[in-house]
Amino acid sequence: MGVSTSSPEKGIVLVQVDFPPVNALAVDGWFALADAVRAAGRDPEARCVVLAAKGRGFNAGVDIKEIQTRGSAALVGANRGCFEAFSAVYDCEVPVVAAVQGFCLGGGIGLVGNADVIVASEDATFGLPELDRGALGAATHLARLVPQHLMRALYFTSRTVTAAELHRHGAVWKVVPKDELAAAALESAREIATKDGELLRLAKAAINGIDPVDVRRSYRYEQGFTYEASVSGVADRVRDRFGREAE
């Protein structure tokens, strides 16, 4: 359980998340993930990182129960942890392939929205249920996956979209049966890893440098509204309702 790192093939580093039952990460989990991705990118032998998860879903976002229990300290920690994890994926020195199965919600969108390539299983669904959970954020990353007005509709309704729908929009590279996901992600990583390692790092830096939106600044701006919702009491009201409904 936790975040593990392995090297299934030369030039490929696999970073795998396992936080049962639904991969909703507590504060420490987000920082552990950030550290693992950064270390993988710094590995001079690495040419591609595969970000994957065990269990029914890729990521269910922030551990709401931790925030309900620990209050503002956990909220600030989650904000910082998510920022670090999303930034680690975006800033990874080599390309990152996200292998997504099942649900990819909240913070999961932050991770895959900053990845370079997304491979998903047929059962994968993507969405931001933030308004149902007393939070805001990651619209920055959802906007990297779908057109502007679809992003707004998904954000305001808390609805999800399927991997097939994202594939039609060009955000998901491949959609495969669930039992073929690991192999498909490795295949994509292997194709990337055949390139010259130094040139790949230059290419990643160059592509990030021409992004039209600064994802770090944009997401940090969103987080300010999450904090405002918390200190005003709005977030607590919504979270308390969410907690009762989940019991």
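Good morning. I begin with one residue, Tyr219, which is buried, with a relative accessible area of 7%. Please keep in mind throughout that the model on display is a predicted one.

Where does Tyr219 lie, and which parts does its pair with Phe83 tie together? Tyr219 belongs to helix H10, residues 215-231, while Phe83 belongs to helix H3, residues 72-91. The pair therefore connects parts of the chain that are 136 residues apart in sequence. Phe83 is also buried, since its relative accessible area is 19% and the limit for that word is under 20%.

How should we describe such a pair? In general, two aromatic rings are characterised by the distance of their centres and the angle of their planes. For Phe83 and Tyr219, the centres are 6.5 Å apart and the planes stand at 10°, so the pair is stacked. The structure holds five aromatic pairs. Ring pairs also link Trp30, Phe83, Phe86 and Tyr219 into a cluster. In addition, Arg220 lies over the face of Phe83, at 5.2 Å from the ring centre.

Helix H10 offers a second example. Tyr221 and Phe225 have ring centres 5.3 Å apart and planes at 70°, so this pair is edge-to-face. These two residues are four apart in helix H10, and about one helical turn therefore separates them. Are they buried or exposed? Tyr221 is exposed, with a relative accessible area of 59%, whereas Phe225 counts as partly exposed at 38%.

I stay with helix H10 for one further contact. Thr140, in helix H5 (residues 139-142), is buried, with a relative accessible area of 8%. Its side chain and that of Glu222 are joined by a polar contact of 2.6 Å. Setting aside residues up to four places away in sequence, Thr140 touches Val215, Ser218, Tyr219 and Glu222. Tyr219, the residue with which I began, is thus one of the residues touched by Thr140.

Let us turn to the sheet. In what order do its six strands run? The order is E1-E2-E3-E4-E6-E9, in an open sheet with mixed pairing. Strand E1 (2-9) and strand E9 (174-176) stand at the edges. Each has a single partner strand, so one side of each is left without a neighbour in the sheet. From one strand to the next, the twist averages 20°.

At the E9 edge, three bridges join this strand to E6, residues 117-121, and the two run parallel. As an example, Val119 has Lys174 in E9 as its bridge partner. Helix H1, residues 27-42, packs on the sheet and touches E1, strand E2 (12-18) and strand E3 (48-53). The direction of helix H1 makes about 175° with that of E2.

My final residue is Gln101, in the loop between strand E4 (96-100) and strand E5 (103-105). Is Gln101 buried or exposed? Its relative accessible area is 4%, so it is buried. The side chain of Gln101 reaches the backbone oxygen of Ala53 at 3.0 Å. Leaving out residues up to four places away in sequence, Gln101 touches a series of residues, among them Ala53, Lys54, Gly55, Phe58, Ser121, Asp123 and Leu181.

To close, I return to the two ring pairs. Phe83 and Tyr219 are stacked, with planes at 10°, while Tyr221 and Phe225 are edge-to-face, with planes at 70°. Thank you for your attention.

Terms used. Residues numbered from 1 in each chain as written. Predicted model: local features only at pLDDT ≥ 70, side-chain atom pairs only at ≥ 80, totals over all residues. Heavy atoms only, no water. Pairing = 2+ DSSP bridges. Axes fitted to C-alpha atoms, helices over the stretch in contact; angles between N-to-C directions. Contact = heavy atoms within 4.5 Å. Buried < 20%, exposed > 50% of the residue type's maximum accessible area, 1.4 Å probe, protein only. Polar contact = N/O pair within 3.5 Å; in protein donor to acceptor, adjacent residues only side chain to side chain. Phe/Tyr/Trp six-rings, centres within 6.5 Å; stacked < 30°, edge-to-face > 60°. Lys NZ or Arg CZ within 6 Å of the ring centre and 35° of its normal.
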